[in-house]
Each structure stands twice: as structure tokens, then as C-alpha cells.
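Dear colleague,

I am passing on the structure we spoke of, and below it you will find my notes on what turned up in it. Please read them with the coordinates open beside you.

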Amino acid sequence: MHDIVDTAVAAGSFKTLAAALGAAGLVETLKGAGPFTVFAPTDEAFAKLPEGTVATLLQPENLEKLKAILTYHVVAGKVHAADVMKMTSAMTLNGSAVKVAVDGGHVHINTAVVKTADVDCTNGVIHIIDAVLLPA
């Protein structure tokens with residue numbers, strides 16, 4: 001079993017997320033002891049953003065905005081799907097809460113849907129989502 005970052009990189013479908021974490025200086029944090037729960041958008045999820053959004057966010061002058069978006073995908077603690085499904089919201093590391101809803105057996109984090117839950121890592125858990133969460 002690997003940490004959150006190495007697990008995401010090994011999966012191969014989180015290249016954009018990995019690049020963004022690197023640009024934001026958050027790799028070491030998410031390789032740290034944690035534990036963390038990460039709602040991880042796939043490369044396909046990032047591709048749904050308006051054209052040029054990712055490239056703009058990766059520019060050095062947008063570092064704080066990028067950090068705010070990425071930390072909006074992370075919750076302190078190891079929260080497995082069974083516990084997520086009992087929640088109505090979760091406080092993120094960015095300081096804002098995400099809305100949690102269960103509809104027809106699908107878990108929604110704001111407008112994103114959890115596609116794969118409970119990818120266990122040495123320092124937390126990853127839930128794979130189909131959209132990028134954007135703080136208000």
C-alpha cells in the first residue's frame with residue numbers, strides 16, 4: 001500500500017491532479033502522516049472545466065487560487081464511504097464545507113459523483129469523483 005500521492009500517480013488517471021499538487025506545493029503535505037480523505041477528480045473531470053482553466057491555474061500568479069481549489073478536495077481524517085454516506089457536509093482543509101448527499105445509491109460531493117470509493121492508502125483514503133469541486 002502507498003501514500004495518497006503515490007497511489008494517485010500509480011493509477012495513471014490523475015496526471016492533472018498530480019501536476020496541480022506539484023505546482024501548488026501540496027505533494028509533501030499529502031505524502032505526510034495525515035490521515036486525509038481526498039475526493040480526487042480524474043483527468044476526465046479536469047477536462048470538463050472550460051478550456052484553458054487548468055493551464056491558467058497552473059501559472060505561478062494563481063498559486064493561492066490553485067491551493068484553495070485543491071485543499072477544497074481534502075478532508076482531515078480517514079473517512080470511508082460508509083461514514084461519508086451518513087454525512088450532509090464535510091469541512092475541507094480549505095476552511096469551507098462541501099455538501100454531501102446520497103441519491104439512488106450514488107454519493108454526491110457538491111455536484112460531483114463518487115465513482116470509486118474507499119481506495120485505501122497508508123495515510124488516508126481516496127474517493128474518485130467525476131468533477132472538479134470549486135469553492136464558492
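**Sheet, helix and cores**

In this predicted model, strand E6 (residues 112–121) and strand E7 (residues 124–129) run antiparallel to one another and are paired over five bridges. Within that pairing, Cys 121 stands opposite Gly 124 in E7.

These two strands belong to an open sheet of seven strands with mixed pairing, whose order is E2-E1-E7-E6-E5-E4-E3. At its edges lie strand E2 (74–76) and strand E3 (89–91), each of which pairs on one side only, and from one strand to the next the twist averages 30°. Packed on the sheet is helix H1 (residues 4–11), which touches strand E1 (36–41) as well as E6 and E7, and whose direction makes about 35° with that of E7.

Turning to the interior, the largest nonpolar core comprises 25 residues, and Leu 17, Leu 30, Val 38 and Leu 70 are those with the most contacts inside it. At least two residues of this core come from each of H1, helix H2 (15–23), E1, helix H4 (43–47), helix H6 (63–71) and E7. If residues up to four places away in sequence are set aside, Leu 17 touches Ala 40, Pro 41, Asp 43, Phe 46 and Leu 70.

There is also a second core, separate from the one just described, which has 15 residues and includes Tyr 72, Val 107, Ala 112 and Val 114.

With best regards

Technical notes: Residues numbered from 1 in each chain as written. Predicted model: local features only at pLDDT ≥ 70, side-chain atom pairs only at ≥ 80, totals over all residues. Heavy atoms only, no water. Pairing = 2+ DSSP bridges. Helix = DSSP H or I, 4+ residues; strand = E, 2+ residues; numbered from the N terminus. Axes fitted to C-alpha atoms, helices over the stretch in contact; angles between N-to-C directions. Contact = heavy atoms within 4.5 Å. Core = buried A, V, L, I, M, F, W, Y, C linked by side-chain atoms within 4.5 Å. Buried < 20%, exposed > 50% of the residue type's maximum accessible area, 1.4 Å probe, protein only.
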